[in-house]
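Subject: Model for your files

Dear colleague,

Please find the structure below. My notes on one strand, its partners and one cavity follow it.

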Amino acid sequence: MEFFERPEHTSPDNDQLPERAVLVHIDLPDGAGHEDLEEFHHLVVSSGVAPVAEITGRRDRPEPATYAGSGKVEEIAAVVSEHEADVVLFNHILSPGQERNLERALKCRVLDRTGLILDIFAQRARTHEGRLQVELAQLRHLSTRLVRGWTHLERQKGGIGLRGPGETQLETDRRLVRERIRSIEGRLTKVRSQRAQGRRARERSEIPLISLVGYTNAGKSTLFNVLTQAEVYVADKLFATLDPTLRRVRVPGVGPAILADTVGFIRHLPHRLVDAFRATLEETLGASLLLHVTDCAAEDRDRNVMAVNEVLEEISADELPVLHVYNKVDLAGEAPRIERDEQGKPWRVWLSAHTGEGLELLYDAMAERLATGWVDRWIRLPADSGRMRARLHEAGEVLDEQLDESGNLLLRVRVNRIHFERLLRGEGLLEADVTPAAVAGDETPSYNPSRSRSPDGR
């Protein structure tokens, strides 16, 4: 059992001292139900609660009534009384009955790991959609635990003016919860439909979608801000980002793209959270490329990668192209580099989003992974084709530009073929019309993504 000093600072959200919490973790054989204690501590701190004691134990299997044994429950009760704790947090998933029995024995509130994560999500949600998703997850979690709030109520009594179906307060509350869940599910269905329309519009415009995924606190939002010059909230907290954010970026050698920042994953992410946030996570399903961001300085980085892969498999996104981004090389003592697979394709990029080391390598790796079905050639345009020239600059990358002896424009372009053919049709041209004779001194110029990068590195 470990004790912590009682904090004297106030919570940033109010002028009151933060709630005091006793943390409980029970080890089971063969790692069954094992959760990382350090991560659990980070979850507690991220929720704004002050841990005052940490109690650990070991059992062959969970106690059906209280998860922990009777002796351990007495030990927890003594610590709760000694530290005047407000809540006991279990690093496990408890059944509704176990929560009720523990609250009765400990004389204080009891929350399991799922309830703690839900509380953090409720604090982080900022958008209307995010709040709906959190409320849905909370209601689903609460629906099996309503009895503890109404055990003191008896069936509504009869009498003149009071006779009726005799519905108990508990039954009434459950019915209201079910109705609210149906209402939120209907609204989220509309959100899912709107997102699908947005994805179809992006597909028609041939703009690739790059989605950032990864374990919580791996540095996704920091990388997102560096790549997009955005100001997404960044903090050294678990689940600092909850609401999805999309921004337009330019990938050298590819052209415009959409970059999406998504909620971080965690080991044993409760299924009800995955279901509630499916509308948000579906942004990854239409991605042309997933950037799987990993904190390479984390001790459990391999387990974190496996946890993310499990969630991707659960939402049917495990077959999408993935580029692994090993972030925080400045903390791990690693050098920025690109690692390639057996086919020679970029597979892993080592970088630091905080210091900017290795970002050039990430741009090059993304360009190489996305560069399929692209036109890389010289074209000739009449001098008065300023509109198509402007569209080519916008749609792809003009790598070089010259004038021939007749004053025609000679452009070395790299652009999506479907978009290129659409531009030609819009101008009433055929591909043969824009095919020039060989350009003097550069008949087959080689493509180098860094040649087309803007001065600010984007």
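Strand S8, residues 255-261, is mostly covered, with seven of its seven residues buried. Please keep in mind that this is a predicted model.

**Strand pairing**

S8 pairs with two strands that I want to point out. With S6 (residues 209-214) the pairing is parallel and runs over four bridges. With S7 (residues 245-251) the pairing is antiparallel and runs over seven bridges.

Asp-261 in S8 is a useful place to look at both pairings. Leu-212 stands opposite Asp-261, and Thr-245 also stands opposite Asp-261.

**Cavities**

How many cavities of 30 Å³ or more does the model have? The count comes to three. My notes cover the second largest, which has a volume of about 40 Å³.

The lining of the second largest cavity consists of Ile-210, Leu-227, Val-249, Arg-250, Val-251, Leu-259, Tyr-363 and Met-366. Which element supplies the largest share of this lining? That is S7, with three residues. Both S7 and helix H13 (359-370) supply at least two lining residues each.

By residue type, the lining of the second largest cavity holds seven nonpolar residues, no polar ones and one charged residue.

To look at this part of the model, I suggest displaying S8 with S6 and S7, then adding the cavity lining, including Leu-259 and Tyr-363.

Regards

How values were computed
Residues are numbered from 1 along each chain as its sequence is written. This is a predicted model: local features need pLDDT of at least 70, side-chain atom pairs count only at pLDDT 80 or more; totals for chains, interfaces and linings use all residues. Side-chain values use heavy atoms; hydrogens and water are left out. Buried means under 20% relative accessible area, exposed over 50%, partly exposed in between (1.4 Å probe, protein chains only). Two strands pair if DSSP finds at least two bridges between them. On a 1 Å grid over the protein atoms alone, a cavity is a set of points where a 1.4 Å probe fits but cannot get out, and a pocket is an open set with protein on both sides within 12 Å along at least five of seven lines; lining residues have an atom within 4 Å of a point. Grid points are joined across faces, edges and corners, and a volume is the space filled by probe spheres set on the points. Ala, Val, Leu, Ile, Met, Phe, Trp, Tyr, Cys and Pro count as nonpolar, Asp, Glu, Lys and Arg as charged, and the others, Gly among them, as polar.
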